[in-house]
Amino acid sequence: MGKDHFSFGTEPRMRAVPEGKSAELKFSGTISTKDTEWGEKYTFEITLYSHPSYESIPKEGIKTNWESKSQLAEQLFNATSPEAIEKNPKLANAIKNDIWVLARSEEGTYFIDNKLTG
């Protein structure tokens, strides 16, 4: 009879992007909402490729979660709903395949753009 495996802890969470800086990421899994002690947050499974608050990130990136209550996160969550994706398959393709630049203004507002290559 095999032994049971147990594990405790929290899922990894990306650190906040400092004001006036940006991070590069790729969406790599589930997009959902979750209740936290600070209220409901939008949660995105990502692979993080660059971030000013991380000293070293391997070339293959870091698997983590971006959690946010920002207007950007709400807009992105709504834009990736099944109904919205059905109306905009190009966005679905970009979410699945592109690297994205998550920038934070000096005022603390978030923006995100897919990184155009080629």
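The protein chain exposes about 8400 Å². Carbon and sulfur atoms supply 48% of that area. This is a predicted model. Of the chain's 118 residues, 29% count as buried. The C-alpha atoms fill a box of roughly 55 × 35 × 35 Å, taken along the principal axes.

Next, the layout. The chain has 3 helices and 5 strands. Read along the sequence, they follow the pattern β-β-β-α-α-α-β-β. Contacts reach across this order. Among those between residues at least 6 apart in sequence, 54% join residues at least 24 apart.

Start with the sheet. The 5 strands form an open sheet in the order E3-E2-E1-E4-E5, with antiparallel pairing. E3 and E5 are the edge strands, and each of them pairs on one side only. Neighbouring strands of the sheet are turned by 40 degrees against each other on average, direction ignored. Take one pairing in detail. E2 and E3 run antiparallel and are joined by 7 bridges. Tyr 42, for example, has Ser 68 in E3 as its bridge partner.

Now add the helices. H1 lies across E1, E2, E3, E4 and E5. Its direction makes an angle of about 85 degrees with E2. H3 lies across E1, E4 and E5, and runs at about 105 degrees to E1.

Look more closely at H1, which spans residues 71–79. Which of its residues are buried? Leu 72, Ala 73 and Leu 76 are. Seen down the axis of H1, the buried residues fall within an arc of 95 degrees, so they line one face of the helix. The general geometry of helices helps here. An α-helix has 3.6 residues a turn, so residues three or four places apart point the same way. On the other side of H1, Gln 71 and Gln 75 are exposed. What covers the buried residues of this helix? The cover includes the strands E1 (22–36), E2 (39–50) and E3 (62–68). It also includes H3, E4 (100–104) and E5 (110–114).

H3 deserves its own stop. Leu 91 sits in this helix, which covers residues 89–97. Leaving aside neighbours within four places in sequence, Leu 91 is in contact with Ala 79, Ile 85 and Trp 100. Compare its position with that of Leu 72 in H1. These two leucines are 19 residues apart along the chain, and their C-alpha atoms are separated by 15 Å.

Finally, the core. The largest nonpolar core has 21 residues. Which residues have the most contacts inside it? They are Met 14, Phe 27, Phe 44, Ile 46, Leu 48, Trp 66 and Leu 102. The elements that give two or more residues to this core are E1, E2, H1, H3, E4 and E5. E2 makes the largest contribution, with 4 residues.

Met 14 offers a view of the core from one residue. Its contacts, leaving aside neighbours within four places in sequence, include Ile 46, Leu 48, Trp 66 and Leu 102. These four are also on the list of residues with the most contacts inside the core. Met 14 is in contact with His 51, Tyr 54, Thr 64 and Asn 65 as well.

Note on methods. Residues numbered from 1 in each chain as written. Predicted model: local features only at pLDDT ≥ 70, side-chain atom pairs only at ≥ 80, totals over all residues. Heavy atoms only, no water. Contact = heavy atoms within 4.5 Å. Buried < 20%, exposed > 50% of the residue type's maximum accessible area, 1.4 Å probe, protein only. Arc of directions from axis to C-beta. Pairing = 2+ DSSP bridges. Axes fitted to C-alpha atoms, helices over the stretch in contact; angles between N-to-C directions. Core = buried A, V, L, I, M, F, W, Y, C linked by side-chain atoms within 4.5 Å. Areas by Shrake-Rupley, 256 points an atom, 1.4 Å probe, with all protein chains shown as cover.
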